[in-house]
Amino acid sequence: MTSFAIGFVLALTWLQQQARLPESHYQWLLLGAAALLGALARLLHRRPRKAASIIALCLLGGVCAVLWGSWRAEARLAERLPAALEGEDVVVSGRIAAMPQQTERGWRFEFAVDEPAQVPRRISLAWYASGFNGGGPGEVSVPPLHAGDRWQLTVRLKQPHGNLNPHGFDYEAWLFERGIRATGYVRPRGERRLLEASGGDWVERSREAVRTRFERTLGDAPYAGVLIALAVGDQQAVPRSQWDIFARTGITHLVSISGLHVTMLAGLAFALVSLLWRRVPLLMLYLPAQRAAVIGGIAAAAFYCLLAGFAVPAQRTLYMLTVVALALWTQRNLATRTVLMLALLLVVLIDPWAVMAPGFWLSFGAVAVLFYIGSGRLAEGHWLKQWGRAQWAMSLGMLPVLLLLFQQFSLVSPLANAVAIPLVSFVITPLVLLATVPGLEFLLHPAHAAMSALMWLMQWLAALPGAAWQQAAAPLSLTLLALAGCLWLLLPRGMPARWLGLLPLAALLLWAPPRPGAGELRVTVLDVGQGLAAHVQTAGHDLLFDAGPAFSEEADSGNRIILPYLRAQGIGTLDLLVVTHADIDHSGGAESVVDGVAVERMATSVPFENHLSALPVEQQPCIAGDAWEWDGVRFEFLHPLAADYEREQGKSNDMSCVLKLESAHGSMLLTGDIEARSESQLLARVGEKLRADVLLVPHHGSRTSSTPEFLAAVDAKLAIIPVGYRNRFRHPHPAVLARYDGIPIRRTDRDGAVTVRYSAGNIEAASARTEYRRYWQQ
């Protein structure tokens, strides 16, 4: 069982990293290989050839995984929005399939489509507040939405698409795993008709009812979102600032529905049913108390998992408890390893894409570490000693995994969890679950008081210098070596040379990604949607050119895209942040960047009275003629002039900072949002300096920029257009694209992040959608 399960999971993980699925004739070959390997494993199992049997079972599991994963993936890929329907108004009928999420601009919800047949069965929709009934100022223009409601709506859809950056969140993979095969929004004009209220899924309606009662009881209490997350798994109301505290203290797993919470509830129900059942002799005659308690415990765990949205940690725990319950029911003694492997197989059989979720590896990895340190130990010791050993093992064993997935881990996590686990699991969560019963909502107040006390301590721990260790994204091979080293360190006392496990762990913690050499240059134009953010790196310096758009009050390019990218690159300090102008698609993430990394200086054309002027960083205006050199690479601002700040400007676009990069291996012109007026001024002032090998296309390819004269002066060999997929401005304009005829073009909406490397006399461009290609991507 163990060999088969490990082979199955590893092969399934490999499959989800592929650019395309195996073709049908290869799948038939794999089916034949599976039959042969199954026969071979059965034959070897009867003979004393254990190693060969293990290998055969691993291979059998791998072949079965590829077949199973390919079949499931092909079925999901078949549900595809036809290209002809993209951007067109379509009338759809169906029901709201999950709890709708209210945002500052309206509602966002998953919609199960009944018709038309050309539209995928499950889509994600936004309903913005500006459209319903032509609502005027101050009028609520979107009706209240509820899970299970059936609607007929006019929508505009597009195929799943997300920003794609090195080591960034893959939104398309997340949508694919959830079976969402199109996204879009409700049109302000057209069908918006409620067909049936509150039908469909009773589970989702129950979850929404609990959330509504919690919101009504707690109001604007600061940790209301955390208590809602503990009850129904809805984490939307937890603010970003609190997530940062959870990450720095290592207690994020407690805010979601963790396996510990499910196990605690199942154990409580088991004990309660057993106690009550034994008090009724007549019931004992029909069913032994232990079996009745098993039914009660599993029922409680299943109810909590459904109420919580059935996330991977909850699934894993429910399946493990089910296996244990079956063993108790049949009076069989199953090894802990068998329980874990059966749960592992059940999760990936039901959801082959679970292996793409960090929670899958963290939840199963944590349980595996606990089983690992609990096997082969003769002396149990005091419970406090066991608790401390478990905390130490969890922190050490999961360290390489956390660095691989998030490039950081909390140094105060053992202390934080020592307080948070008992308080959240045995005080806060039970109160929250009891409060889900109508009439017991008053229990939310002591639960919130306990959460407030816990957060006071967590805030203090998070504010400590060095509370979290940040690390560049290391190669997978080095991470696996470090993981092996951690497991070696966790061997029982008395094992010789356990200290050798420190060597690969130290190599992981000291690893740094390679940087450009002296005189070399690397520029990465990040995929931030409709906006701009470009990272410029030399041998010893880093510059960020613009900070991308803001998406909402809580989310922007800085905290969602740029900071994770910089952390994965091992960059903790920016020598210069350039904010070209005030437009929100270029400056929206600046505040988050300044909060997240050390910024030495900021150069900008943004007026002094703008909110960016309050950022705690030395600021200076971009002035044409300012030049400097870093590591053999020359930087020079070409626009705007100092005099431009003294006269009234028509558009902030024409005040955009323009930066020229020159190295021995090639040059690049970064243009911001300059328009035809600024281009003509540059031609008149510094015409020769405009020549560059690579051009960052002005103003996302707008028809107000990229004049023929300007393009002739630049004479670029490569053009990069930072643009959002199917953006509302319809950038780049077809007439502008025609002017770039003959020049190779990279676009962030089609290529993802684009990286240009200048070295050895060559200029090489690579795109994220080529390097990180997956079979579900467009």
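# Briefing on Cores, Contacts and Salt Bridges

Leu77 is found in helix α3, which spans residues 50-77. The model described here is predicted. Leu77 and Tyr775 lie 698 residues apart in sequence, yet their C-alpha atoms are 9.1 Å apart in space. The points below treat this contact site, the nonpolar cores, a nonpolar surface patch, two buried polar residues and the salt bridges.

**Surroundings of Leu77**

- Leu77 has a relative accessibility of 24% and therefore counts as partly exposed.
- With neighbours within four places in sequence left aside, Leu77 is in contact with Leu21, Phe176, Arg181, Tyr775 and Trp776.

**Nonpolar cores**

- The largest nonpolar core has 41 residues, of which Phe214, Leu227, Ile428, Val432 and Met458 touch the most other members.
- At least two residues of this core are supplied by each of the helices α5 (202-218), α6 (224-232), α7 (240-249), α8 (252-255), α17 (413-435) and α18 (444-462).
- Helix α18 provides the largest share of the core, with 9 residues.
- Val432 touches Phe214, Leu227, Leu230, Ala231 and Ala447, when residues up to four places away in sequence are not counted.
- A second core, separate from the one just described, contains 31 residues, including Ala11, Ala65, Val348 and Phe360.

**Nonpolar surface patch**

- Trp488, Met495, Trp499, Leu500, Leu502 and Leu503 make a nonpolar surface patch of about 610 Å².
- One of these patch residues, Leu502, is found in helix α20 (residues 502-510).
- The relative accessibility of Leu502 is 46%, so this residue counts as partly exposed.

**Asn165, a buried polar residue in a loop**

- Asn165 is found in the loop between β5 (150-158) and α4 (171-177).
- Its relative accessibility is 8%, which means that Asn165 counts as buried, the limit for that class being under 20%.
- The side chain of Asn165 reaches the backbone nitrogen of Asp527 at 2.7 Å.
- Apart from residues up to four places away in sequence, Asn165 touches Leu526, Asp527, Ile561 and Ala753.

**Gln537, a buried polar residue in a strand**

- Gln537 is found in strand β11 (residues 534-537).
- Gln537 is classed as buried because its relative accessible area is 2%.
- Its side chain makes a polar contact of 2.3 Å with the side chain of Arg522.
- A polar contact of 3.0 Å also joins the side chains of Gln537 and Asp542.
- Both of these partners, Arg522 and Asp542, appear among the residues that Gln537 touches, together with Arg515, Pro516, Glu520, Leu521 and Ile571; residues up to four places away in sequence are not counted.

**Salt bridges**

- A search of the whole structure finds 20 salt bridges.
- One of them joins the side chains of Arg122 and Glu110, with an N to O distance of 2.9 Å.
- This pair links distant parts of the chain, 12 residues apart: Arg122 lies in strand β4 (residues 122-128) and Glu110 in strand β3 (residues 106-115).
- Arg122 is partly exposed, with a relative accessible area of 26%, whereas Glu110, at 10% relative accessibility, counts as buried.
- The side chains of Glu191 and Arg193 meet in a salt bridge with an N to O distance of 3.6 Å.
- Glu191 is partly exposed, at a relative accessible area of 33%, and Arg193 is partly exposed, at 42%.
- Arg240 forms a salt bridge with Asp244, in which the closest N and O atoms are 3.8 Å apart.
- Both Arg240 and Asp244 lie in helix α7, 4 residues apart, about one turn of the helix.
- Arg240 has a relative accessible area of 29% and is therefore partly exposed; Asp244 is partly exposed, with a relative accessible area of 39%.
- Arg634, Glu636, Lys660, Glu662 and Lys689 are joined into one network by salt bridges that share partners.

Note on methods:
Residues numbered from 1 in each chain as written. Predicted model: local features only at pLDDT ≥ 70, side-chain atom pairs only at ≥ 80, totals over all residues. Heavy atoms only, no water. Core = buried A, V, L, I, M, F, W, Y, C linked by side-chain atoms within 4.5 Å. Buried < 20%, exposed > 50% of the residue type's maximum accessible area, 1.4 Å probe, protein only. Contact = heavy atoms within 4.5 Å. Patch = residues over 30% accessible without salt bridge, like charges linked within 9 Å, V, L, I, M, F, W, Y side chains within 5 Å. Areas by Shrake-Rupley, 256 points an atom, 1.4 Å probe, with all protein chains shown as cover. Salt bridge = Lys/Arg side-chain N within 4 Å of Asp/Glu carboxyl O. Polar contact = N/O pair within 3.5 Å; in protein donor to acceptor, adjacent residues only side chain to side chain.
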